[in-house]
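Hi,

Here is the structure I promised to pass on. Have a look at it first, and then read my notes underneath.

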Amino acid sequence: MSLGLKRGTVKVEPHDPAWERSAQQIMAVLQEILGADAKDIQHIGSTSIQNIVAKPIVDIAVGVEALENMRGHDAELASRGFLFRGEDVPGQLLYVLAGPEDIRTHHIHTVIWGQKDWSNYINFRDYLNSHPDMAQSYSQLKEKLCGQYGEDRGSYTRNKQVFIDEMLARAGNWRAAMEEISLCVMTRELCQWLFKEWENDPAIYEDMERFSAYQYDEAAVNRYFDAKQDGSRVMLAVMKNGAPIGEIQLKQIDREKGECTLSIHMQNDAVKGRGYGTRAEQLAVRYAFDVLGLTAVNADTIVKNTRSQHVLEKVGFQYVKEEEGFRYYRCERPRGACAAGTINDVVEWTKEVGNVPDL
């Protein structure tokens, strides 16, 4: 792994997965030092965006309630190599982790948690990770500017700003749309509403002899709904602005093994490729862990459905194997997470997700 740049210089390198591992290690150290004063710590910046070039400096955001809370740890931070470099941006504090000859390897940006600067860092990262075409445009711009301003980091940064501002505006709108996504238990009425606007995806099924033009049939939808009402699954509607745009099922729920299998289907092209499915899967996985108390969620896709595979990987699923035309994935509950749902979990989920059952 290449990591670090001399102050003031610019060099970009292809994405390296080791950057994420380095970020996780440094975030753990910061959490140890800051304790409860850190509301959240996140890997941000270009090294956190998949498949784009980046300066080999890992950026980390620390969210605090007040900047003074960070300054109270200056002595211990310095003893661990984190050097205070002042208020580089109004309302933010910068700390750097440097190697020999002032080769900077990590930038620690301290901001007020939940306010604009914090949201901008998180939204920019998540938006580009959810929109690979925009991420590649950013990557190409960075390579071009690096060639022009390799010894002038100030000019390099300034000339990115117009693109960054545009992405931040898009990311803010995208995030607002994501926050409108919720899950609720599927009812017969919601199922009928969902399938009235349903469209099959020929790109996925046409070479499997399974594709046919979909025609809404009330009786067929009722049969489909009734067939899913069993004790081994939870059937959820993906909701946006009060209307169903997809369905998620947590099926094959096995209490003894502590696992289930996730499946998702979005209604039509109008709601695909916008990040709604990603958000819905995140909510469903958290529900499986935090409320149902499961330890793992499995999923599978046909090999050619690369879009679904990309979403699973963004949510945190790990590839397991490929077999008979399918790719299999698994997401395990993080260590330290609760082992079973509690009444408080259910209360929080009814606030965030909607009316979902605690089996």
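Asn241 sits in the loop that links strand S8 (234–240) to strand S9 (243–254). This is a predicted model, by the way, so please read everything here in that light. What caught my eye about Asn241 is its backbone: phi is positive, about 50 degrees, even though the residue is not a glycine. Is Asn241 buried or exposed? With a relative accessible area of 57%, Asn241 counts as exposed, because the cut-off for that is over 50%.

There is another asparagine to look at in this way. Asn51 is not a glycine either, yet has a positive phi of about 65 degrees. You'll find Asn51 in the loop between strand S2 (40–44) and strand S3 (58–64). Asn51 is exposed too, at 59% relative accessible area.

Now for the inside. Nonpolar side chains tend to be buried together in soluble globular proteins. In this model, the largest nonpolar core has 47 residues, and the ones touching the most other members are Leu128, Val238, Leu250, Tyr276 and Phe317. Which helix gives the most to this core? That would be H11, with 8 residues. A second core, separate from that one, is made of 22 residues, including Ala54, Leu67, Leu77 and Leu97.

H11 deserves a closer look. This helix covers residues 276–290, which makes 15 residues, and spans 21 Å from first C-alpha to last, close to the 21 Å expected at 1.5 Å a residue. Most of H11 is covered, with 11 of the 15 residues buried. Among them are Tyr276, Leu283, Val285 and Phe289, but also Thr278 and Glu281.

Phe317 is a nice one to click on as well. If you skip the neighbours within four places in sequence, Phe317 is in contact with Glu281 and Val285, and also with Val297, Asn298, Ala299, Leu312, Tyr329, Arg330 and Cys331. Two of those contacts, Glu281 and Val285, are on the list of buried H11 residues.

Last, the cysteines. How many disulfides are there? The count comes to 0. Cys331, the one in contact with Phe317, is buried at a relative accessible area of 7%. Cys260 is at 1%, so Cys260 counts as buried as well, the limit being under 20%.

Try finding Asn241 and Asn51 in their loops, and then follow H11 into the core.

Cheers

Note on methods:
Residues are numbered from 1 along each chain as its sequence is written. This is a predicted model: local features need pLDDT of at least 70, side-chain atom pairs count only at pLDDT 80 or more; totals for chains, interfaces and linings use all residues. Side-chain values use heavy atoms; hydrogens and water are left out. Helices (H or I, at least four residues) and strands (E, at least two) are DSSP runs, numbered from the N terminus. The expected span of a helix is 1.5 Å times one less than its number of residues. Buried means under 20% relative accessible area, exposed over 50%, partly exposed in between (1.4 Å probe, protein chains only). A nonpolar core is a set of buried Ala, Val, Leu, Ile, Met, Phe, Trp, Tyr and Cys residues joined through side-chain atoms within 4.5 Å. Contact means heavy atoms within 4.5 Å. A disulfide is a pair of cysteine sulfur atoms within 2.5 Å.
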